[in-house]
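Colleague: I am new to this structure and would like a close look at a single part of it. Please take me through the place where the two chains meet, and then outward from there.

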Amino acid sequence: MTMLFYLAGAVALISTISVTISTNVVHALVYLIISLLAVAVIFFVLGAPFAAMLEAIVYAGAIMVLFLFAMMMLNLGQATENEEKAWLRPQLWVGPGLLILALLVQLVSVLVTQRVDVVPVEVGVHELSVLLFGPWLLAVELASMLLLAGLIAAYHLAKR
Amino acid sequence: MVWEVGSPLSIGAILFTVIIVAAMLIWVERRLLGLWQERLGPNRVGPFGLLQVVADMIKIFAKEDWVPPFADKFSFVLAPPIIMFVILMSFTVIPFAPGVGVIDSDVGVLFVLAMASLGAYSVMLGGLASNNKYALLGSLRAAAQMVSYEVFMGISLLGVVALTGSFNLRDIVIAQTDGWFIIPQFIGFLIFMIAGIAESHRLPFDIPEAEQEIVAGYHTEYSGMKFGMFFVGEYLGVLLISSLLVVLFFGGWLGPAFLPPIVWFVLKTSFFIAFFILLRAAIPRPRYDQLMTYGWLFLLPLSLLNLMITGAFVLWQEGGM
């Protein structure tokens, strides 16, 4: 399981980096899907199979399909690719790189100084739903209201 | 035990059987269509034309595997294996018989839905990478159709899940010992079947590849084994939907004891495969906008209503109301 965790983590890292540096939008999207699936595997290894499946269904399976769908309508060609290449000049990466480095140092130091042994406990679908529709019912209902508002807004925009 | 769930031998046997059966379905479909249309169908190669599939395989492997120069090579090569991969992955959670299967997962139903939703990428990427207007039209249609029908497919299954109280497909079969779910979940069964045909874009819902309108849709530019993967993927999809229907609504391997469980599973699945082929021969293709309107305005409310009634029934039975 530990091996699987690190493997999925490595895949997630590499594919996420590829998302940022690839100049072709469709390739970037494919890498993003791979990254999301790797995160789903990580969820699974950490003992949350339900979250893993939802990650695959909702993020990789539905939201990314809509992204790709929108991309198909846009007819992006060589011009966009050149534009993307121009944006990827090395000097633009100095600032973000420094900030990321600061975060990395912080992360490594936390990992080195505070050793927390996390033992993955599998949380089944049943336990999760008891929690969601018991103590956290209000949060679930609020989230559903937010989604409804989004739905109504989308309907309104499509009508105009 | 060498034959228990998940042993390498049974994984290999299931993988081999599923692929061979899917390839043989090409011949079965042509012969059955011939039978129903009062003609012979392929009967030249081997006994009853059984070796037709072998001949087709040799032909398709020997064909030139061509990538058009205007295509986006990365996505073009990536698209066909996706459909094979996701459908074969879905077979891992199917309980064929007691002790026969690849994994016994507690999130089996969700896994099938996740894989079905990933299947959309195959046709979308294939059509988009082909850089051809017919292919693009086909994959646009495929994307809209698969995303829409996925919704009803998921909701129609939830009735069965509510009655069983588990996402595990093996538990779902065992819960049908006293009566198959086709009786309490008849509406769910109909919606799941229609959505399943739309998901595997078979006739009559083969709008993404409608020959008369858009050449061959998303696989216009494909040839050789890349086309073969799309083609076999379609038959794998038929096999998957048939076995899911059997597992979810027709009691899986359950049946009178004079035949072993696996035989019951195979018999029931063959019935649905034949039904899908008959459907292909019998029903004309709807228009694209008709398919969409039908889905969102009729199937969605119906599946939600079915889920609500099932939920109320389960609560009433438990004495919670």
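How are α3(A) and α5(B) oriented to each other, roughly parallel, roughly perpendicular or roughly antiparallel?

Modeller: Please keep in mind throughout that this is a predicted model. The axes of α3(A) and helix α5 of chain B, residues 133–164, cross at roughly 155 degrees and come within 11 Å. An angle over 145 degrees counts as roughly antiparallel, and α3(A) and α5(B) are therefore roughly antiparallel to each other. The crossing of these two helices, α3(A) and α5(B), is left-handed. On the side of α3(A), the residues that make the contact are A:Ala62, A:Val65, A:Phe69 and A:Met72, and they meet B:Leu136, B:Ser139, B:Leu140, B:Ala143 and B:Val147 of α5(B). Sorted by class, the contact of α3(A) with α5(B) holds 8 nonpolar residues and 1 polar residue, with no charged residues.

That pair of helices belongs to a wider meeting of the chains, in which 18 residues of chain A are in contact with 22 residues of chain B. On the side of chain A that touches chain B, the elements that give two or more residues are α2 (25–45) and α3 (49–74) of chain A, and α3(A) gives the most, with 12 residues. The class count for this side of chain A is 15 nonpolar, 3 polar and no charged residues.

If you follow α5 of chain B back to the loop before it, the loop between α4 (108–130) and α5 of chain B, you come to B:Asn131. Although B:Asn131 is not a glycine, it has a positive phi of about 55 degrees, and with 17 C-beta neighbours inside 10 Å it counts as partly exposed. A second residue in chain B can be set beside it, namely B:Glu38, which has a positive phi of about 55 degrees and is not a glycine. B:Glu38 is placed in the loop between α1 (8–36) and α2 (52–62) of chain B, and it is exposed, with 6 other C-beta atoms within 10 Å.

Moving on within chain B, you can look at another pair of helices, α7 (residues 186–199) and α11 (residues 288–317), which pack at an angle of about 145 degrees with their axes 10 Å apart. The crossing of α7(B) and α11(B) is left-handed. From α7(B) the residues B:Ile187, B:Gly188, B:Ile191 and B:Ile194 take part, and they meet B:Leu299, B:Leu302, B:Ser303 and B:Asn306 of α11(B). The residues of this contact of α7(B) with α11(B) divide into 5 nonpolar and 3 polar, with no charged ones. Helix α11 of chain B also holds B:Leu304, which counts as partly exposed with 14 C-beta neighbours inside 10 Å. The C-alpha atoms of B:Leu304 and B:Gly188 are separated by 9.8 Å, although the two residues are 116 residues apart along the chain.

Finally, it is worth turning to the nonpolar core. The largest nonpolar core has 111 residues, and of these B:Leu245 and B:Leu248 touch the most other members. When neighbours within four places in sequence are left aside, B:Leu245 is in contact with B:Phe192, B:Met193, B:Phe250 and B:Phe272.

Notes:
Residues are numbered from 1 along each chain as its sequence is written. Chains are lettered from A and ligands numbered from 1 in the order in which they are written. This is a predicted model: local features need pLDDT of at least 70, side-chain atom pairs count only at pLDDT 80 or more; totals for chains, interfaces and linings use all residues. Axes are lines fitted to C-alpha atoms, for helices over the stretch in contact, and angles run from 0 to 180 degrees between N-to-C directions. Helices (H or I, at least four residues) and strands (E, at least two) are DSSP runs, numbered from the N terminus. A crossing is left-handed if the near helix is turned anticlockwise from the far one by less than a right angle, and right-handed if clockwise. Two residues are in contact if their C-beta atoms, placed from the backbone, lie within 7 Å. Ala, Val, Leu, Ile, Met, Phe, Trp, Tyr, Cys and Pro count as nonpolar, Asp, Glu, Lys and Arg as charged, and the others, Gly among them, as polar. Angles under 35 degrees count as roughly parallel, over 145 as roughly antiparallel, 65 to 115 as roughly perpendicular and the rest as oblique. A nonpolar core is a set of buried Ala, Val, Leu, Ile, Met, Phe, Trp, Tyr and Cys residues joined through C-beta atoms within 7 Å. A residue is buried if 20 or more other C-beta atoms lie within 10 Å of its own, exposed if 12 or fewer, and partly exposed in between; C-beta atoms are placed from the backbone.
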